[in-house]
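Here are my notes for you to read with the model open beside them. Go through them in order and find each residue as you come to its name.

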Amino acid sequence: MQDDRVAKRVFKFIPMERRKVGRPRLRWENCVMDDIKTLGVRNWRSLALDREEWRKLLKKARAHEGLSCH
């Protein structure tokens with residue numbers, strides 16, 4: 001394989017920076033997904049399309065004490 005091919009350059013690439021020590025930071029999306037699991041919601045995407053049902057879920061979430069992203 002020629003040296004100028006992308007696959008060969010990626011294969012031979014040596015990163016200059018090192019990863020940070022410890023667990024990666026949590027993203028907002030991770031917290032939201034954990035809260036959805038805690039509430040026991042299975043099909044949240046279709047639930048979000050129904051405004052009234054989504055409002056009921058949000059009301060339930062506000063009253064719940066064990067959510068991670070309060």
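**Notes on the core, the pocket and the overall form**

1. Let's start inside. The largest nonpolar core is made of six residues: I36, L39, V41, L57, A61 and L67. Helices α2 and α4 (51–63) are the elements that give two or more residues to this core. Keep in mind that you're looking at a predicted model.

2. Pick out L67 from that core and see what surrounds it. Leaving aside residues up to four places away in sequence, L67 touches D35, T38, L39 and A61. Two of these names should ring a bell, since L39 and A61 are also members of the largest nonpolar core.

3. Now for K37. You'll find K37 in helix α2, which covers residues 28–39. Is K37 buried or exposed? K37 has a relative accessible area of 64%, and the cut-off for exposed is over 50%, so K37 counts as exposed. Try K37 together with L67 as well: the two are 30 residues apart in sequence, and their C-alpha atoms are 9.8 Å apart in space.

4. Next, the largest pocket. What is its volume? The figure is about 240 Å³. Its lining takes in 11 residues, and V32, D35, L39, L58 and A61 are the ones that lie nearest the centre. L39 and A61 turn up here again, having already appeared in the core.

5. Which helix gives the most to that lining? The answer is α4, with five residues. Helices α2 and α4 each supply at least two residues of the lining. Sorted by class, the lining holds eight nonpolar residues, one polar residue and two charged ones.

6. Step back and look at the whole protein. The protein has four helices and zero strands, so reading from the N terminus you get α-α-α-α. The radius of gyration is 21 Å, while the globule rule gives 11 Å for 70 residues; the value is well over the rule, so the protein is more spread out than a compact globule. You can also look at the span of the C-alpha trace along its principal axes, which is about 60 × 30 × 15 Å.

7. Two last numbers for your notebook. Of the 70 residues in the protein, 13% count as buried. Among contacts with a separation of 6 or more, 36% come from residues 24 or more positions apart.

Notes:
Residues numbered from 1 in each chain as written. Predicted model: local features only at pLDDT ≥ 70, side-chain atom pairs only at ≥ 80, totals over all residues. Heavy atoms only, no water. Buried < 20%, exposed > 50% of the residue type's maximum accessible area, 1.4 Å probe, protein only. Core = buried A, V, L, I, M, F, W, Y, C linked by side-chain atoms within 4.5 Å. Contact = heavy atoms within 4.5 Å. 1 Å grid on protein atoms, 1.4 Å probe; cavity = no way out; pocket = protein on both sides within 12 Å on 5 of 7 lines; lining within 4 Å. Points joined across faces, edges and corners; volume = space filled by probe spheres on them. Nonpolar A, V, L, I, M, F, W, Y, C, P; charged D, E, K, R; others polar. Rg over C-alpha atoms; globule rule 2.2 N^0.38 Å.
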